[in-house]
Amino acid sequence: MVEVLADYQLVSNRAAGIIADQIRATPRGVIGLATGGTPVGAYDRLVALHQTQGLDFSNLTTFNLDEYVGLSPDHPQSYHSFMWQHLFSHVNIRASHAHVVSGLAHDFDQACAEWEHRIEASGGIDLQILGIGSNGHIAFNEPGSTLTSRTRVVELAERTVQDNARFFDRPDEVPRTAVTMGIGTILEARRLLLMATGDHKAHAVAVALEGPVTSDVPASALQRHANVHVLLDTAAASQLNSV
Ligand code: PGA
């Protein structure tokens, strides 16, 4: 299902509403979370729903999609810090239930296998939030990632490094590698919620949703999932043929 709303604020509020409904329906459930500029508005809204309506995170479990390799959890640009800054510090989630894979493992093969095992042991992800890269990536599954890929260490595409440089003081501070859930891992979530806003996402959105399913466009894998909700603003939807 593709839903187009006028602007970023409406997309954010709608996404937060969908996430809040999921939390209310399965308070002991599992949500997969994303980082980046796109979900910030939705997290702000979830914080407001917690503060004003008592939306309860106390029994919820979360798993984040990815983390930069080489950044400690307390590094200001780590995705661990991002999640605490934008969401976890402001709601009543239990720290031990809010999982962000570490970027500092001694043995990443083992850490990735443990991550997959943890998701499975939690009962699997009920609702996975996703953004999309301007190059069509989902999480840090860059073009070329197989559709059956699992959690692993990957090299970031040059385009991703450039896109994410805005979060760092200097472009050469952006890590070149990351740990990411695989496309196969993501497709096992029971529901997917993809958010995209802005002109710079319009091409990636169009090829992902209306082009062939191919590892050249990792987000095209979503066409293989039976329960995907895509939330777009008008700008991000502008190159779709069928909305
Ligand atoms: P953004 O990143 O939300 O910062 O645009 C999305 C992504 O790279 O998946």
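This is a short tour of a predicted model, moving from its sheet to its cavity and then to a group of aromatic rings.

Begin by selecting the strands: seven of them form an open sheet with parallel pairing, in the order β1-β10-β9-β6-β2-β3-β5. The edges are β1 (2–5) and β5 (98–99), each of which pairs on one side only. Within the sheet, colour β2 and β3 (residues 61–64), which pair in the parallel sense over four bridges, and find Leu33, which stands opposite Asn64 in β3.

Keep Leu33 selected and add Ile19, Ile23, Ile31, Leu46, Phe57, Leu60, Thr62 and Leu87, since these residues together line the largest cavity. The cavity has a volume of about 40 Å³, and a search of the whole structure finds one cavity of 30 Å³ or more. Both α1 (8–25) and β2 (30–33) supply at least two residues of its lining, which by class comprises eight nonpolar residues, one polar residue and no charged ones.

Next, turn to the aromatic side chains, among which the whole structure holds six pairs. Select Tyr68 and Tyr79, whose ring centres are 4.8 Å apart with the planes at 40 degrees, so that the pair is tilted. Tyr68 belongs to strand β4 (residues 66–68) and Tyr79 to helix α3 (residues 79–86), 11 residues apart. Tyr68 counts as buried at 1% relative accessibility, and Tyr79 is buried at 8%.

From Tyr79, move to Phe140, with which Tyr79 forms a stacked pair, 6.0 Å centre to centre and 15 degrees between the planes. Phe140 lies in the loop between β6 (127–130) and β7 (152–155), so this pair ties helix α3 to a part of the chain 61 residues away in sequence. Phe140, like Tyr79, is buried. Finally, add Phe168 to see the cluster that ring pairs build from Tyr68, Tyr79, Phe140 and Phe168.

Terms used:
Residues are numbered from 1 along each chain as its sequence is written. This is a predicted model: local features need pLDDT of at least 70, side-chain atom pairs count only at pLDDT 80 or more; totals for chains, interfaces and linings use all residues. Side-chain values use heavy atoms; hydrogens and water are left out. On a 1 Å grid over the protein atoms alone, a cavity is a set of points where a 1.4 Å probe fits but cannot get out, and a pocket is an open set with protein on both sides within 12 Å along at least five of seven lines; lining residues have an atom within 4 Å of a point. Grid points are joined across faces, edges and corners, and a volume is the space filled by probe spheres set on the points. Ala, Val, Leu, Ile, Met, Phe, Trp, Tyr, Cys and Pro count as nonpolar, Asp, Glu, Lys and Arg as charged, and the others, Gly among them, as polar. Two strands pair if DSSP finds at least two bridges between them. Rings of Phe, Tyr and Trp (its six-membered ring) pair if their centres lie within 6.5 Å; planes under 30 degrees apart count as stacked, over 60 as edge-to-face and the rest as tilted. Buried means under 20% relative accessible area, exposed over 50%, partly exposed in between (1.4 Å probe, protein chains only).
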